[in-house]
Amino acid sequence: MPNLNKIQGFIRSSLSKTRFVVVSNREPYVHSFSKTGEIQCSKPTSGMASALDPILQAGRGIWIAHGSGEADATAVDGRGYVPVPPANPKYLLQRVWLSPQQQEGYYQGFSNQALWPLCHNTYVRPQFDWNHWKVYREVNELFAEQVHRSVGDARALVFVQDYHLALLPYLVKQKCPQAVVAHFWHIPWPSPEVMRICPWQREIIKGLLGSDLLGFHLPQYCRNFLAAARALFPQPRQGRRNTVTHEDHATRVRPFPIGIDFDEFDRLAGSSEVARRMQAIRRRYALPRWLGVGVDRMDYIKGIPERMQAVGRFFEMYPQYLEQFSFVQVAVPSRTELAPYQKLARTVHRLVDQINERFGAKDWKPIHLLAENLPSPDVTAWYRLADFCLVSSLHDGMNLVAKEFIAAKRESDGVLLLSQFAGTAETLHDALLINPYDTDGMARQMDRALHLDPAEVRQRMRRMRATLRRRNIYRWAVDILAAAAECGQSSLETEEEPLAAVTGF
Ligand code: GDG
């Protein structure tokens, strides 16, 4: 099992003479003002941030991200740096400032109205707006300048996150030729047929081809990318299988399925705090015999209306569950300034009201909709109370909720109902698969989940827990960093000792 201390040791030794830089849109620490006007610092919930934070702490590097907190500008020094973590600083967070117009064009515009729907097969039409694209390019340039300011001509490993920064690898390579660049794309990469509708697909792919290493969750996303890139840029005759060459520079494309901090979720699930929350929930909600749970950002890729419809159909098909089963849906408001997200929230609220009106009774609610961001111990308490978790994404790069539910089920009870269109389905073979477009099929699987033989439930759960414990978030990070270091062996100083000897895998 990858162990954090060993991994930190590896990072310390292999990156000792190399500057390590992480670049992402979202920051790992946010500053805000308390009621009394003091600056306070918090860590937003993000698997990626929790994985890379300890690695940066070991490597004493720099994290460059958009400064989005209300007190962010007050917390930094004159150059935009703030040492983090606040109690015991180990690395520098460098904030990039964006005007409201830049946030609108780059983040809400091109990232979330063009690239997000383009990469997910959800029939939400991408909006290609020339002005959004212009601002997206401008903001990527801005990030590249910050990287250059931090790295200069030094040897560096620059690890870029996600679809907000597709152009960054090429720009960084131009400004910092000594840098080794790795990029991880957290969402699916669609088939070339879908991708080619984007008027700027060539520029986006060219931007990503500045990377020495490009990572996706699944082999299929890698194949889709390779096909699109090779169709656009002629390749040398004896090119390598997982490599694309562009302007005499080779990019290796490889899958790195992301994991979670399994031990941390397991620990939290067993804590007295979660036990207290479970008691409080039981008192407040008067829960029936059986419970199902769903936890998502309120996003159209997550298939929440489809899930609500399936719950309604479940009561129609199996009326014996009336007053015996409730479904709780945590739906965190997300991207609320965009019309498709506003419409989605209205649809979900309406569906829930209809189902509750039609089937509800005096002391029993078929669906509890919690449209808010709950603290992690509350989410974990709901996982522990539920008989099954229903993940019905219409398309999802990976889906971490499915993995967190399993980590929270320490007694190996509970069943995972998982969309076959979530990346997670490729690695968790003991989930009950569902098709979110098949309402009756979903309702049947819900019934099956509640009647599965307890021995089988435990067996499935134990196997999934063993997989997730092994393939955890630290392993993901180290796999990528080791592969990136390998790509840039000539420019990065790596230890002679093979990685496996250090990390134990
Ligand atoms: C993108 C890709 C890929 C949700 N509600 C609450 C809450 N959450 C947390 C979950 C989980 C995270 O948010 C959601 O992660 P997902 O992976 O499920 O989905 P996306 O946000 O769409 O993430 C996805 C991921 O990137 C990583 O590469 O897996 O496919 O779309 O951690 O627990 N956390 C708290 N309260 C909530 O109410 N505290």
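**Helix packing and sheet organisation in the predicted model**

Phe405 is buried, with a relative accessible area of 0%. The structure described here is a predicted model, and the values reported below were computed from it. Phe405 belongs to helix α15. When neighbours within four places in sequence are left aside, the contacts of Phe405 are Val293, Tyr383, Ala386, Phe388, Cys389, Gly414, Val415, Leu416 and Met461. Leu157, by comparison, is separated from Phe405 by 248 residues in sequence and by 34 Å in space, taken from C-alpha to C-alpha.

Helix α15, which comprises residues 400–408, packs with helix α10, which comprises residues 262–269. The angle between these two helices is about 50°, and their axes are 8 Å apart. The two helices are therefore oblique to each other, since an angle from 35 to 145 degrees is oblique when it falls outside the range of 65 to 115 degrees. The crossing of α10 past α15 is right-handed. On the side of α10, the contact is made by Phe262, Phe265, Asp266 and Ala269, while α15 contributes Glu404, Ala407 and Ala408. Sorted by class, the residues of this contact comprise five nonpolar and two charged residues, with no polar ones.

Attention now turns to the sheet. Nine strands form an open sheet with mixed pairing, and their order is β5-β6-β4-β1-β7-β8-β9-β11-β10. Strands β5 and β10 are the edge strands, each of which pairs on one side only. From one strand to the next, the twist averages 20°.

Strand β6, formed by residues 91–96, is mostly covered, as five of its six residues are buried. Its pairing with β5 (residues 81–84) is antiparallel and comprises four bridges. Within this pairing, Val82 has Leu93 of β6 as its bridge partner. The two strands β5 and β6 are also joined by a hairpin of six residues. Strand β4 (residues 62–66), in contrast, runs parallel to β6, and five bridges join the two strands. Here, His66 is matched with Val96 of β6 as its bridge partner.

Strand β4 also pairs with strand β1, which spans residues 19–24; this pairing is in the parallel sense and extends over four bridges. One of its bridges places Val21 opposite Ile62 of β4. Helix α5, made up of residues 130–151, lies across the strands β1, β4, β5, β6 and β7, the last of which covers residues 156–161. The direction of α5 is at about 160° to that of β4.

At the other edge of the sheet, strand β10 consists of residues 243–246. Thr243 is located in this strand. With a relative accessibility of 10%, Thr243 counts as buried, because the cut-off for a buried residue is under 20% relative accessible area. Apart from neighbours within four places in sequence, Thr243 is in contact with Leu226, Arg230, Gln235, Ala250, Thr251 and Arg252. Thr243 in an edge strand and Phe405 in helix α15 thus provide two examples of buried residues, with relative accessible areas of 10% and 0%, respectively.

Terms used:
Residues are numbered from 1 along each chain as its sequence is written. This is a predicted model: local features need pLDDT of at least 70, side-chain atom pairs count only at pLDDT 80 or more; totals for chains, interfaces and linings use all residues. Side-chain values use heavy atoms; hydrogens and water are left out. Axes are lines fitted to C-alpha atoms, for helices over the stretch in contact, and angles run from 0 to 180 degrees between N-to-C directions. A crossing is left-handed if the near helix is turned anticlockwise from the far one by less than a right angle, and right-handed if clockwise. Contact means heavy atoms within 4.5 Å. Ala, Val, Leu, Ile, Met, Phe, Trp, Tyr, Cys and Pro count as nonpolar, Asp, Glu, Lys and Arg as charged, and the others, Gly among them, as polar. Buried means under 20% relative accessible area, exposed over 50%, partly exposed in between (1.4 Å probe, protein chains only). Two strands pair if DSSP finds at least two bridges between them.
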